[in-house]
Each structure stands twice: as structure tokens, then as C-alpha cells.
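Hello,

Here is the structure I promised to pass on to you. Please have a look at it first, and then read on for my notes.

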Amino acid sequence: MKTNSIFKLLFTFAQILKTINIHEGMIVKLNLKVLVVLMLTLLPFTSQANDEQHHDTAQHEKSEHVAKKPHSEEEGFLEGVNTPEEITAYSEHHLADSHDFIFFSDEASNHHYGFSLPVILFENGLTVFMSSEFDHGEKVVEKNGQHYKLYHGKIYKTDAQGTIHYDEHHHPTNEKALDFSITKNVLSILVISIIMLLLFVSLANGYKNGPIPTGFARVLEPLVLFVRDEIARPNIGEKQYRKFMGFLLTVFFFIWITNLLGLTPLGINVTGNIAVTVCLALFTFFIVQFSANKDYWKHIFWMPGVPVPMKIVLAPIEVLGMFTKPFSLLIRLFANITAGHTVVMGLIALIYTGKAMLGTGGSIGVSLLLTLFINVIEILVAFLQAYIFTMLSSLFIGMAVEEHDHH
Amino acid sequence: MDKLINDFSFGLFFWVAIIFVILIVLMRKFAWKPILEALNTREEGIANALEAAENAKKELEKLNSENERIIKEARAERDTMLKEAREIKDKIVADAKEEANEQAEIIITNAKGAIEVEKQAALAELKSQIAGISIDIAKKVIKRELSSEATQLELVEKSLKEVTLN
């Protein structure tokens, strides 16, 4: 239902554009810049349109109820994601991982435009099937004598009817299946990895023809230099930085490209997923611990230069510090990207929430303007977060490998 | 926090870890290593080239100063040579003049001597001629005296007129 109304909004928007085109003869004048800006403005709408298959049961009933109503465009608007709860549920849904890759959906006809992904479960041995068998959570799948149901992006073990039991907080109490599916995020990461390999292997090969890069390599080379000269070298030190460059460069470009792709209409949210940031932060954590020298451990467990009682007090604090550092990394990246996506979704929701106050046109205008503004900031944040993550990682590594010549 | 833990998908974590390890390994081998090496080589090349240029500049400066010194020396040498030449020339001219003067002196002295000799000879001849003429006159006078007094006198006068003391 929500997607439905977004579609209508898009349609109306297209209509408005069309009218402008016809009346002002702007078709010729629409240059690339205008198109890019328009696309950018529209990104959030389409990315929001991804997710519709999981609603609360209550919401689902409501949507069916609404779908039965005869609706004009206006009514569709009015019946859209109206309440703050619906908006929250909607944006939460976008932020979550998914078992199929859906670009947009038409809920009136229950048609989803996208493709399904393989589900891999470790239950009674390896179970592999396509997520299309779930029919977006509508159907119960039976494999090896076990029934599975897709509910809110997670696969639960259930009975033949697909009953989901809830606790008092409306959380399912069914046992979750051990899920190693190639989800939307896994696929995105694979694609991003391939993009990175293609980009940087071509940059590397470019140097075979001469020391000066040509074409797109001219864009990539300064970034590599930036990571090396502004992040790794000053924080880790001239002597040791080389061996960490592989990780730092990979993590920088991985986060950056992922963040940027998260702003596209693909509607992926990889770096805003806690499992991904935990994994990245753990890499930093293990690299720091394994490359640390004697001084680092000494500073943690037996701080030099302070009295013995202080040493005993400081040790647990320092040990805690070992874990808070990567923890801050994972929370920072997760929170920033999640916040960015949420704010964009919230601003788009302004179309519905602000309609009473501003009217349809006004709320669309205000929402577009604010969303565009936030999206531009998000482009900055995408880089900033990649920079901060890499920067702090190299800072922690630098602290661990630092040569102390004092005391 | 509860929600975060609930959202944590171990499957996704597993895949991210695997993919990321593979990505780091592949990127290291096929991208970062050659890129960083190429960058290093280039930077070293640039540093070397700069150093070489600096050295060449210094070399050139050294060469220039050397050249200047040589030119200065050459100029000084030329000056001294010119000076010497001038001195020599002056000396030669002076010497020549002196010699010429001496020579002239000698010639003049010789000439004077010769003139003196000639003059003496001439005088001696004149004396002898005058003596001859005188004797002739005296002879004629004596002859006339023998004829008449008047003619004798006339003769003397006539003779005297004839005689030109050349």
C-alpha cells in the first residue's frame, strides 16, 4: 500500500514534469546537470519503494482493506504511509537486509520488480532453494521435513500453516533457522568487491604503460595517495605503514563505495547493517592485537611510569579500552549510515505528514528540497565515514606498533 | 541494543568476513601492491630527477664561476700583454730614435769633418791660387814697370779687376 502511494507520487511527479516540458518547451533545455539533480532528488523515493513484503499482520490487513477501496490518485495519497508508526516501520524495513533484491513493487497487483536470491540454510544438512519459493513471505516452504517461513526478513522454523508465535513485545518466539543465505547485502558486497577489483586492477595495470595514470585512473590515484599520505603514514609511521596499506585501502574504498551505492536507487543499506560494521571493526581489532608490540601490552597490563596501585587500577580500564575502540568504530559507522538513511526516509515521509499543513504540492516541494539537501550532505558523509573508519583504524594500529623510546 | 542484537545476522557476518578476507588478499596482490610500488618508483624517480637537476645546476654554477675566473684571468693576461707590448714598442721606438740620433750625430760629425777637410783643402788651394795670381800679377806688374809707370799702374788695376776672389 505504501509503495503503491509512492508510485502514484512518482507518477504525479512525472506528470508534473511532463506538463512543464510541454508548456515551457524545456525538453531541449533539460541538460545533464538538471537530469542528475532530478535523479538525485528522486533516489530516495525509489529506494524507499523497495520493501513491502513484510508488514505486521495488522498492517497487512489494513493494506488489503485499503487496496479494496476504489482509489483515485488523490485518495491513494491520502491512504499512503500516513501515521508516524507506519513511516517508522517502513524506514526500518528499508534499513534491514532482505532475501530478495527488489527495486520497486506494485502492491495493488502484488507484483514485485526485482529478482530472488538463493537461500542457504544449515538445518538437517545443507538446504538451498531460491527465495522466490517464499513468495515474499506469503508462503511456507517445506524442505527436508522442516517448514520455514520468511517473516520480517528472517527465516523462522514453523509448522505447515506457517504459524508465528509472539511474545508480549510482538517479537516472534519461533526458532530461527541457521541462515547463510546470499541476501541482498551479501550480493551487494560481492558486486562492490568486483567493482573494486575491476577499478583498481585496471589502475594497477595502467602503470605498466608508464608512470603517469590516464583516464579514470587519474581520479583513483589521488585517493590512493590520500589514504597513504594523509591516513596511513602520519598515524602508523613511515617504517611500518606499508604492511597495513592492503587493509586500510581496501576498507576505505569498500566503505566509501558501499556508502555511495547506498544513496542510489538500488536501495541497499550495507554499511548501515550492524553485522557488516561488526565484521569490519573486528578486522581492525584483530589486526591491532596481532601487530601490537611488547610496549603495547605493557601499557595495557602494567602501565609504566605510574605507582603500583595505579597500575592495578589502570589495567582493567586499558583492557576495556582494547574493546571500546573497535566498538566505537562499528557503532559510529552503523549509526551514521543508518541515521542518514532514516533522515532521508523521514524527509520523504514529510510528503504525507506535512500534507495537511502544506497541501500536496507544498509538502512535495518542501520534501524534495530537504531530501536533496540531506542527500548532498549524505554524499559528504559517505566519504567522511570511510575516512574516519580508516583514519581511526590506522590510529589504533599506529598506537599498537609505536616504538616507545621514553621512560 | 536489544534490537541491534536481534538485527545481527550471523549469516551476513560470515559472508562479509569471508568476502572481505578474499577481497583484501586479491586487492593486495593484484591492485595495492603494484599500485604502491608504481607510486613509490615514480616518487623515487621524481626525487632522483630533482636531485639530479639540483646537482646539474650546482655543476653548472661551478662551471660558470670557473669560466668567469678563466675569463677574468685571460683578460688580465691580455691586459698585461698589451701593456708589455706597449712598453716594448715604446722602448723600441725610443731606442731607434736614440740610435738614429746617434747615427745622425755621427754622420753630421763626419760630414763636418769632411767639410772642414774640404774647406782646408779649398783654402789651401785658394791660398796657392791667390799666391799664383799674386805672383802673376806681380810678374805682369814687374813687366809693365819695366815699360812705363802709367801702364804699370793701369795693368795692376786691370789685373785686380780681373781677379775675382772666388
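Below is what I found, going from the whole chain to a few details.

Please keep in mind that this is a predicted model. Chain A has 407 residues, and 38% of them count as buried. Its secondary structure comes to 12 helices and 7 strands. If you look at contacts in chain A between residues at least 6 apart in sequence, 63% of them join residues at least 24 apart.

Next, the place where the two chains meet. Chain A brings 33 residues to the contact and chain B brings 28 residues. On the chain A side, the elements that give two or more residues are helix 6 (184-206), helix 7 (217-236), helix 8 (245-262) and helix 9 (274-291). Helix 6 of chain A gives the most, with 11 residues. By type, the residues on this side of chain A divide into 24 nonpolar, 7 polar and 2 charged.

Helix 8 of chain A deserves a closer look. Of its 18 residues, 15 are buried, so the helix is mostly covered. Its length also checks out: at 1.5 Å a residue, helix 8 of chain A should span 26 Å, and its end C-alpha atoms are 25 Å apart, which agrees.

One residue to pick out in your viewer is A:Phe252, which lies in helix 8 of chain A. Is A:Phe252 buried or exposed? A:Phe252 has 24 other C-beta atoms within 10 Å, and because 20 or more make a residue buried, A:Phe252 counts as buried. Leaving aside residues up to four places away in sequence, A:Phe252 touches A:Val227, A:Ala386 and A:Thr390. You can also find A:Leu223, which is 29 residues from A:Phe252 in sequence and 9.6 Å from it in space, C-alpha to C-alpha.

Finally, a sheet. Chain A has an open sheet of 3 strands in the order 5-6-7, with antiparallel pairing. Strand 5 (140-143) and strand 7 (154-158) of chain A stand at the edges; each has a single partner strand, so one side of each is left without a neighbour in the sheet. From one strand to the next, the twist averages 35 degrees. Strand 5 of chain A pairs with strand 6 (residues 146-151) of chain A over 4 bridges, in the antiparallel sense. To see this pairing for yourself, start at A:Val140, whose bridge partner in strand 6 of chain A is A:Lys149.

Enjoy exploring, and best wishes!

How values were computed
Residues numbered from 1 in each chain as written. Chains lettered and ligands numbered in written order. Predicted model: local features only at pLDDT ≥ 70, side-chain atom pairs only at ≥ 80, totals over all residues. Contact = placed C-beta atoms within 7 Å. Nonpolar A, V, L, I, M, F, W, Y, C, P; charged D, E, K, R; others polar. Expected span 1.5 Å × (residues − 1). Buried ≥ 20, exposed ≤ 12 C-beta atoms within 10 Å, placed from the backbone. Pairing = 2+ DSSP bridges. Axes fitted to C-alpha atoms, helices over the stretch in contact; angles between N-to-C directions.
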